[in-house]
Amino acid sequence: QERLVESGGGLVQAGGSLRLSCTASGIRFSFNKSRMGWFRQAPGKQRELVAHISSQGSTNYADAVKGRFTISRDNPKDTVYLQMNSLKHEDTAVYYCAASPRNSASAFTYWGQGTQVTVSS
């Protein structure tokens with residue numbers, strides 16, 4: 001079964017840090033050739049892009065997280081990370097990992113189940 005499994009979410013105080021991980025398992029597409037992304041959805045809001053990283057390692061961030069979050073990948077481990085520093089209450093959301101086997105920023109077709117991040121103010 002193809003799966004993206006997120007971990008690392010939790011409760012943290014404002015100003016703190018968390019590191020999210022997403023590991024692909026049972027996939028039939030090439031992780032190395034895929035663009036990987038992190039999205040989030042806060043209560044009552046639409047899902048939004050947080051960051052993505054291309055197969056070659058180029059990165060893109062939402063303005064709200066620039067300078068605070070860092071996306072990275074470890075291809076031998078089929079894993080993508082999101083390091084989140086200087087967390088704010090407004091970062092509270094369910095964070096989802098996604099994969100785009102076509103390496104396209106507009107074609108994320110595989111999704112994880114999400115991990116909750118709660119930032120207390």
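I began with S86, whose relative accessibility of 41% falls between the 20% and 50% limits, so I entered this residue as partly exposed. The model I am reading is a predicted one, and I keep that in mind throughout these entries.

I then looked up where S86 sits, and found the residue in the loop between β8 and β9. Its backbone caught my attention, since phi of S86 is near 50°, a positive value in a residue that is not glycine.

I checked N103 next for the sign of its phi, which is positive at about 60° although N103 is not a glycine either. I located N103 in the loop between β9 and β10, the latter strand spanning 110–111. With a relative accessibility of 24%, N103 counts as partly exposed.

I turned to the disulfides, and a search of the whole structure returned 1. The partners are C22 and C97, with their sulfur atoms 2.1 Å apart. This pair ties together distant parts of the chain, as C22 belongs to strand β3 and C97 to strand β9, 75 residues apart. I noted a torsion of about -75° about the S-S bond of C22 and C97, and therefore recorded the disulfide as left-handed. I also looked up the accessibility of both cysteines: C22 counts as buried because its relative accessibility is 1%, and C97 counts as buried because its value is 0%.

For the interior, I listed the largest nonpolar core, which holds 29 residues, and I marked W38, L82, M84 and Y95 as those with the most contacts inside it. I traced the strands that each supply at least two residues of this core, and they are β3 (18–25), β4 (35–41), β5 (48–53), β7 (69–74), β8 (79–84), β9 (93–100) and β11 (115–120). As a general remark, nonpolar side chains in soluble globular proteins tend to be buried together.

I followed this with V65, which I found in the loop between β6 (59–61) and β7. Despite that loop position, V65 has a relative accessibility of 1% and so counts as buried. Once neighbours within four places in sequence are left aside, V65 is in contact with R40 and V50. I also took the separation of the C-alpha atoms of V65 and P43, which is 18 Å for two residues 22 apart along the chain.

My last entry concerns the largest pocket, for which I noted a volume of about 220 Å³. Its lining comprises 15 residues, and R40, A42, K45, E48 and E90 are those nearest the pocket centre. I sorted the lining residues by character, which gave 4 nonpolar, 4 polar and 7 charged. R40 thus appears twice in my notes, as a contact of V65 and as a residue of the pocket lining.

Definitions and conventions:
Residues are numbered from 1 along each chain as its sequence is written. This is a predicted model: local features need pLDDT of at least 70, side-chain atom pairs count only at pLDDT 80 or more; totals for chains, interfaces and linings use all residues. Side-chain values use heavy atoms; hydrogens and water are left out. A nonpolar core is a set of buried Ala, Val, Leu, Ile, Met, Phe, Trp, Tyr and Cys residues joined through side-chain atoms within 4.5 Å. Buried means under 20% relative accessible area, exposed over 50%, partly exposed in between (1.4 Å probe, protein chains only). Helices (H or I, at least four residues) and strands (E, at least two) are DSSP runs, numbered from the N terminus. A disulfide is a pair of cysteine sulfur atoms within 2.5 Å. Contact means heavy atoms within 4.5 Å. On a 1 Å grid over the protein atoms alone, a cavity is a set of points where a 1.4 Å probe fits but cannot get out, and a pocket is an open set with protein on both sides within 12 Å along at least five of seven lines; lining residues have an atom within 4 Å of a point. Grid points are joined across faces, edges and corners, and a volume is the space filled by probe spheres set on the points. Ala, Val, Leu, Ile, Met, Phe, Trp, Tyr, Cys and Pro count as nonpolar, Asp, Glu, Lys and Arg as charged, and the others, Gly among them, as polar.
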